[in-house]
Amino acid sequence: MKTTAAAFQHKELILITVTDYVFSGFKMSQAAGKPQEHDNEDDFYDCQETLTSSDQRQDVEGETGQQEAEQADRMQEKEHIDRLQEKEQGDRLQGDRLQEEERDNRLQEEERGDRLQEEEQGDRLHSNRLQEEEEEQGKRLQEKEQCGRLLEESDSEMKEGEGQEVEFDDEYLREAEKELTEEEKESRRQQSLALKEKGNSQFKAGGWLEAERSYTESLVLCPVCFSRERAVLYSNRAAARLHMDLKDQAISDCSRALELNPDYVRALLRRAELYEQTNKLDEALEDYQKVLDRDPNHTSARQACMRPVGPYT
């Protein structure tokens, strides 16, 4: 605004100066004559035209400079505002990043805490499993020790005297064998079969007492789950006891064999003969009849059924 006022003042001075000059020239032209007046008049217009164009250029240049200055000020203000906005945006972004980092740190701490809890829980479970395994192993050892003591007791009882009967509690043996693995059961079965073969050899050689002891040891070793093998062992021991004149004990062994295998014909026939020898004729006839029901062509059973009823001689 100061620049524009100065320009106006300068313009007024020029106009005053020009007016004075023209007025002086006009007087001189009047004194010199018309031709001179005409020339002065033309010069007046040329000077005025020249001065006016110069003033316009100065005005335009002043306005242009003012516009450029104002535009520069606006540009500076805009750049300043843009820098402020960029700074605010950068601050917001930095604040957002800090919040994300804090959130990530909290999540990591929570995950770390969860992992630690899971590891502690896993350690407790592992410790509990180890304790349970130790307890189970201790129980198995106790059961094995009990089985070993049972074998020792059976051996000592067999050595006390000839013909002394040793009874086995199958329920007790079944409970004791629950802790045995399948491999251990099969191993004991093989040992039992070896003792049975030993007893058969002793029986054929006439060693009734030795055969009876071998069958008894085999029964102690043979797992209860092998019912057919145990039925054969009871029947074989009944035959050895029959030769030892232990007929009641032999009948008991035959009955145990038939409980394990009701279709065991040899045990039925052997018990029928024992019943007949002990004058239990009704029981003997019933067993002979059961033999014929299972084997109609069995000669000994048919002949026994056809014999007259009377004391066994």
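This passage describes the helical architecture of a predicted model, with attention to helices 6 to 9 and to the loop before helix 6.

The protein contains 10 helices and 0 strands, and its order along the sequence is accordingly written α-α-α-α-α-α-α-α-α-α. Of its 313 residues, 25% count as buried. Among contacts between residues at least 6 apart in sequence, 57% join residues at least 24 apart.

Helix 6, residues 227–243, comprises 17 residues, for which a rise of 1.5 Å a residue predicts a span of 24 Å; the distance of 25 Å between its end C-alpha atoms agrees with this value. The buried residues of helix 6 include an unbroken run from L233 to R241, namely L233, Y234, S235, N236, R237, A238, A239, A240 and R241. R230 and A231 of the same helix are likewise buried. These buried positions pack against helix 3 (170–177), helix 4 (182–204), helix 5, helix 7 and helix 8. Helix 6 is followed by D245, which has a positive phi near 65°.

The packing of helix 6 against helix 7 (residues 247–260) was examined in detail. The two axes lie 8 Å apart and form an angle of about 165°. Since angles over 145 degrees count as roughly antiparallel, helix 6 and helix 7 are therefore assigned to that class. Their crossing is left-handed. On the side of helix 6, the contact is made by S227, R230, A231, Y234, S235, R237, A238, R241 and L242. Helix 7 contributes K247, Q249, A250, D253, C254, R256, A257 and L260. Several of the helix 6 residues in this contact also belong to the buried set, among them R230, A231, Y234 and A238.

The loop between helix 5 (208–221) and helix 6 contains P223. This proline is buried, its relative accessible area being 1%. When neighbours within four places in sequence are left aside, the contacts of P223 are with E177, K185, R188, R189 and R230. Of these partners, R230 is one of the buried residues of helix 6. P223 and L180 are separated by 43 residues in sequence, while their C-alpha atoms are 9.6 Å apart in space.

A second helix pair is formed by helix 8 (265–277) and helix 9 (residues 281–294). Their axes come within 8 Å and cross at roughly 155°; helix 8 and helix 9 are therefore roughly antiparallel to each other. As helix 8 passes helix 9, the crossing is left-handed. The residues of helix 8 that meet helix 9 are V265, L268, L269, R271, A272, E273, Y275 and E276. Their counterparts in helix 9 are L281, E283, A284, D287, Y288, K290, V291 and R294.

Helix 9 itself has 14 residues, and the 20 Å from its first C-alpha to its last is close to the 20 Å expected at 1.5 Å a residue. Its buried residues are A284, D287, Y288, V291 and L292. Because these residues cover an arc of only 145° around the axis, they fall on the same side of helix 9. D282 and D293, on the other side of helix 9, are exposed. The cover over the buried residues includes helix 8 and also helix 10 (299–306). A284, D287, Y288 and V291 of this buried set are also among the residues that meet helix 8.

Technical notes
Residues are numbered from 1 along each chain as its sequence is written. This is a predicted model: local features need pLDDT of at least 70, side-chain atom pairs count only at pLDDT 80 or more; totals for chains, interfaces and linings use all residues. Side-chain values use heavy atoms; hydrogens and water are left out. Helices (H or I, at least four residues) and strands (E, at least two) are DSSP runs, numbered from the N terminus. The expected span of a helix is 1.5 Å times one less than its number of residues. Buried means under 20% relative accessible area, exposed over 50%, partly exposed in between (1.4 Å probe, protein chains only). The arc is that of the directions from the helix axis to the C-beta atoms. Contact means heavy atoms within 4.5 Å. Axes are lines fitted to C-alpha atoms, for helices over the stretch in contact, and angles run from 0 to 180 degrees between N-to-C directions. Angles under 35 degrees count as roughly parallel, over 145 as roughly antiparallel, 65 to 115 as roughly perpendicular and the rest as oblique. A crossing is left-handed if the near helix is turned anticlockwise from the far one by less than a right angle, and right-handed if clockwise.
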